[in-house]
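Please look over the sequence and the model below before reading on. The briefing is arranged by topic, so that each part can be checked against the structure.

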Amino acid sequence: MVWINTINSMRRSKERAASIAFGIVLFFLLLELGMRAGAALLAYSQEHRNIVSLRQKHTCRIVCLGESTTAGGMYSYPARLEEVLNNAGIGREFSVINKGVVGIDTSGILAGLDGVLDKYEPDIVIAMMGANDERPHLLFHVDSGSTIVDLLAGLKTVKLARMLWFNINSRIRPPRAIRSATENSTVYFDLGQFYRDRREYVKAEEMFRAAAQENTADYRPYFELGCLYKKRGDFSGAAGMFKRAIELEPDNDRAYRGILAIYNELSLYGDGKEYLALLLEMKKRHYRPSAIITLTPNNYRKLKEALEKRGILLVCAQYPMRSIEPLEEIFGSGEGVILVDNEKIFKDAVRSGGYDRYFTDTFGGDFGHCTAEGNLLLAKNIADVIMARVFDKNGRLAYRKTH
């Protein structure tokens with residue numbers, strides 16, 4: 001009788017364990033679905049605004065093309081642009097369509113162009129694109145060699161759990177005594193990113209420095225330190241960190257751009273020639289056979305040709321903080337296209353208000369994704385150019401469709 005009770009007790013224990021395991025799996029499954037639903041909701045919010053804009057009749061319709069610097073909801077630059085233009089009092093109503101897609105490159109934008117133009121029939125297209133042409137891979141992604149591990153690492157719940165664990169672990173005990181030097185370096189680096197995203201830059205610097213000490217062959221902490229120093233105006237220190245990152249990883253294009261941005265900021269153009277040459281050489285080695293040097297310019301020209309056939313005006317906006325010269329080289333005299341220079345207005349704003357006021361990160365090396373205030377500044381500058389060069393004093397569109 002005793003052995004029967006023992007068996008029943010073991011069976012009940014297994015059932016409870018199975019029930020608990022099922023509950024845990026179900027919880028994380030629902031959490032994962034919820035987080036993905038949230039991301040889908042953001043995408044829906046953007047498209048919903050587009051549908052509302054599409055229903056507006058007798059408006060000047062503008063389509064904005066780009067990647068994550070364009071995509072977004074009510075605080076994206078296209079949404080703010082619609083507000084700014086409609087509040088300008090020039091006697092016109094505007095509807096602005098946001099067709100920014102996170103992670104897309106210029107070839108992807110061109111691939112979907114006809115469908116966008118057929119659906120929305122815009123009067124004007126604004127393009128701010130090319131940043132994702134600059135990467136042969138995600139610079140901070142490291143393959144584990146296991147498909148299952150990489151799949152699990154990509155889950156939003158796993159990323160959330162790691163972030164929470166690192167935060168809790170850092171408060172309970174210093175990470176130095178955890179395991180191997182490489183593992184310690186990973187923990188320090190992830191903690192540095194966590195503190196950086198929370199704008200706790202002193203702690204972030206401490207963690208990145210610790211990561212660099214634990215694994216002297218890893219370029220990533222040096223790149224992040226360069227970005228931190230650049231933010232606080234320590235250009236000499238930033239340049240040193242970027243150079244060290246390049247020594248460890250010669251194909252780190254963001255570090256090259258970080259150095260070039262510093263030399264540009266200090267007007268030391270000659271000093272940057274060496275790194276510009278290295279950057280171009282690196283791109284020749286690793287990018288598409290057509291070479292990155294021609295990919296973005298060629299796709300910009302193809303975009304212009306496609307719009308000209310439909311009689312649609314092209315407005316090309318340069319990224320914040322970057323020189324307009326590359327766009328001027330692409331389009332020459334600029335006939336049939338309007339260029340928007342966002343370099344000076346953002347550099348002046350950053351000098352007076354600080355980098356974090358206008359950018360959330362250093363996505364582009366010398367610029368990042370805009371905050372709500374940054375997007376408003378971008379929208380106002382684009383609107384000023386459009387109102388000055390596209391419309392006459394009576395608010396009439398000076399550029400007419402040919403069909």
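What follows moves from the whole chain to individual helices and then to single residues.

This is a predicted model, and its chain contains 16 helices and five strands. Of the 403 residues in the chain, 46% are buried. Where contacts link residues at least 6 apart in sequence, 67% of them join residues at least 24 apart.

**Helix α16 and what covers it**

- Helix α16 runs over residues 372-389, and for its 18 residues a rise of 1.5 Å a residue predicts a span of 26 Å, which agrees with the 26 Å between its end C-alpha atoms.
- The buried residues of α16 are G374, N375, L377, L378, A379, N381, I382, A383, V385 and I386.
- The cover over these buried residues includes two helices, α2 and α15, together with the strands β1 (60-66), β3 (124-128), β4 (313-317) and β5 (337-340).

**The packing of α2 against α16**

- Two packed helices are described by the angle between their axes and by the distance between those axes.
- For helix α2 (residues 77-86) and α16, the angle is about 50 degrees and the axes are 8 Å apart.
- Because an angle that is neither under 35 degrees, nor over 145, nor from 65 to 115 counts as oblique, α2 and α16 are oblique to each other, and their crossing is right-handed.
- On the α2 side the residues that meet α16 are Y77, R80, L81, V84 and L85, while on the α16 side they are A372, N375, L376, L378, A379, K380, I382, A383 and M387.
- An α-helix has 3.6 residues a turn, so residues three or four places apart point the same way.

**Helix α9**

- Helix α9 covers residues 220-231, and its twelve residues should span 16 Å at 1.5 Å a residue, which agrees with the 17 Å that separates its end C-alpha atoms.
- This helix is mostly covered, since eleven of the twelve residues in α9 are buried.
- Those buried residues are R220, P221, Y222, F223, E224, L225, G226, C227, L228, Y229 and K230.
- After α9 comes G233, which has a positive phi, near 85 degrees.

**D356, in a loop**

- D356 sits in the loop between α15 (343-353) and α16.
- Its relative accessible area is 19%, and because buried means under 20%, D356 counts as buried.
- The side chains of D356 and Y201 are joined by a polar contact of 2.6 Å.
- Leaving aside residues up to four places away in sequence, D356 touches R199, Y201, K231 and T371.

**I97, in a strand**

- I97 belongs to strand β2, which runs over residues 94-100, and with a relative accessibility of 0% I97 is buried.
- Although I97 and P78 are 19 residues apart along the chain, their C-alpha atoms are separated by 7.0 Å.

**E305, in a helix**

- E305 lies in helix α13, which covers residues 292-310.
- The relative accessible area of E305 is 48%, and because partly exposed residues fall between the buried limit of 20% and the exposed limit of 50%, E305 is classed as partly exposed.
- Between the C-alpha atoms of E305 and G336, which are 31 residues apart along the chain, the separation is 9.8 Å.

Notes. Residues are numbered from 1 along each chain as its sequence is written. This is a predicted model: local features need pLDDT of at least 70, side-chain atom pairs count only at pLDDT 80 or more; totals for chains, interfaces and linings use all residues. Side-chain values use heavy atoms; hydrogens and water are left out. Helices (H or I, at least four residues) and strands (E, at least two) are DSSP runs, numbered from the N terminus. Buried means under 20% relative accessible area, exposed over 50%, partly exposed in between (1.4 Å probe, protein chains only). A polar contact is a pair of N or O atoms within 3.5 Å; within protein, one must be able to donate a hydrogen and the other to accept it, and residues adjacent in sequence count only if both atoms are side-chain atoms. Contact means heavy atoms within 4.5 Å. The expected span of a helix is 1.5 Å times one less than its number of residues. Axes are lines fitted to C-alpha atoms, for helices over the stretch in contact, and angles run from 0 to 180 degrees between N-to-C directions. A crossing is left-handed if the near helix is turned anticlockwise from the far one by less than a right angle, and right-handed if clockwise.
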